[in-house]
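Got your viewer open? Let's take a short walk through this structure, one selection at a time.

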Amino acid sequence: MKKMIGIIGSLLLISGTAGAATPTATCVKTDNAAIEALFDRWNASLKTGDPQKVAETYLSDAVLLPTVSNQVRLTDAERVDYFKHFLEKKPVGHIDSRTIRIGCNKAIDTGTYTFTFADNSKVSARYTFTYAWTGDEWKISSHHSSAMPES
């Protein structure tokens, strides 16, 4: 019976949902610098002004809890809609502080960042990016950002 449960558990681990990160039998090697570069890739996608480019950095079933919207974004279309409006302000992000935790085919980057907009206004926020290895590349599996409660 234990052997059967182990086999079923292994099958569940190997199978995944469409668009989600596909767990692999081995852990991809990564380090803090590689995970830091994922924010840089995302920030560069913001600078393109193309919401589709930004959405492509997320898994298709990723969760986005954005800074300047009350709506949770669960689909590519919803994330594109959010970034369409957010990118109108021409945001550029800067990490102020961060802590990175790395696991098997997943990583968490959490801390604070500041966005500067074309009109020179700024917003500081707390963030958490979770990343998953798809078998080919790292993608954002969830992104939570909330404005700092104190000025």
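Start by selecting Cys27. With a relative accessible area of 45%, Cys27 is partly exposed. Keep in mind as you look around that this is a predicted model.

Now add Cys104 to the selection. Cys104 is partly exposed too, at a relative accessible area of 40%. What joins Cys27 to Cys104? A disulfide does, with the sulfurs 1.9 Å from each other. In general, a disulfide is a covalent bond between the sulfur atoms of two cysteines. The count for this structure comes to one disulfide.

Where does each end of that disulfide sit? Cys27 lies in the loop between helix 1 (2-14) and helix 2 (32-47), while Cys104 is in the loop between strand 2 (92-103) and strand 3 (106-116). The two are 77 residues apart, and the pair links distant parts of the chain. Turn the view to look along the bond: the torsion about the S-S bond of Cys27 and Cys104 is about -100°, so this disulfide is left-handed.

Next, zoom out and switch to a cartoon view. You should find four helices and five strands in the protein chain. Follow the chain from the N terminus and the elements run α-α-α-β-α-β-β-β-β. Of the 151 residues in the protein chain, 34% are buried. Take the contacts between residues at least 6 apart in sequence: 49% of them join residues at least 24 apart.

Now select helix 4, residues 76-86. Which residues of helix 4 are buried? They are Arg79, Tyr82, Phe83 and Phe86. Look down the axis: these residues cover an arc of only 90°, which means they sit on the same side of helix 4. To see what covers them, show helix 2, helix 3 (51-55), strand 1 and strand 3, which are among the covering elements.

For the last stop, go to strand 1 (residues 58-65) and pick Leu65, which belongs to that strand. Is Leu65 buried or partly exposed? Its relative accessibility is 31%, so Leu65 counts as partly exposed. Add Val72 and Leu74, and you have a nonpolar patch on the surface made by these two with Leu65. Together the three have about 220 Å² of accessible area.

Finish with a surface view of everything. The protein chain exposes about 8,800 Å², and carbon and sulfur atoms supply 57% of that area.

Key
Residues are numbered from 1 along each chain as its sequence is written. This is a predicted model: local features need pLDDT of at least 70, side-chain atom pairs count only at pLDDT 80 or more; totals for chains, interfaces and linings use all residues. Side-chain values use heavy atoms; hydrogens and water are left out. Patches are made of residues with over 30% relative accessible area and no salt bridge: like charges are joined within 9 Å, nonpolar side chains (Val, Leu, Ile, Met, Phe, Trp, Tyr) within 5 Å. Accessible areas come from the Shrake-Rupley method with a 1.4 Å probe; for residues, only the protein chains shown count as cover. A salt bridge is a side-chain nitrogen of Lys or Arg within 4 Å of a carboxyl oxygen of Asp or Glu. Buried means under 20% relative accessible area, exposed over 50%, partly exposed in between (1.4 Å probe, protein chains only). Contact means heavy atoms within 4.5 Å. A disulfide is a pair of cysteine sulfur atoms within 2.5 Å. The arc is that of the directions from the helix axis to the C-beta atoms.
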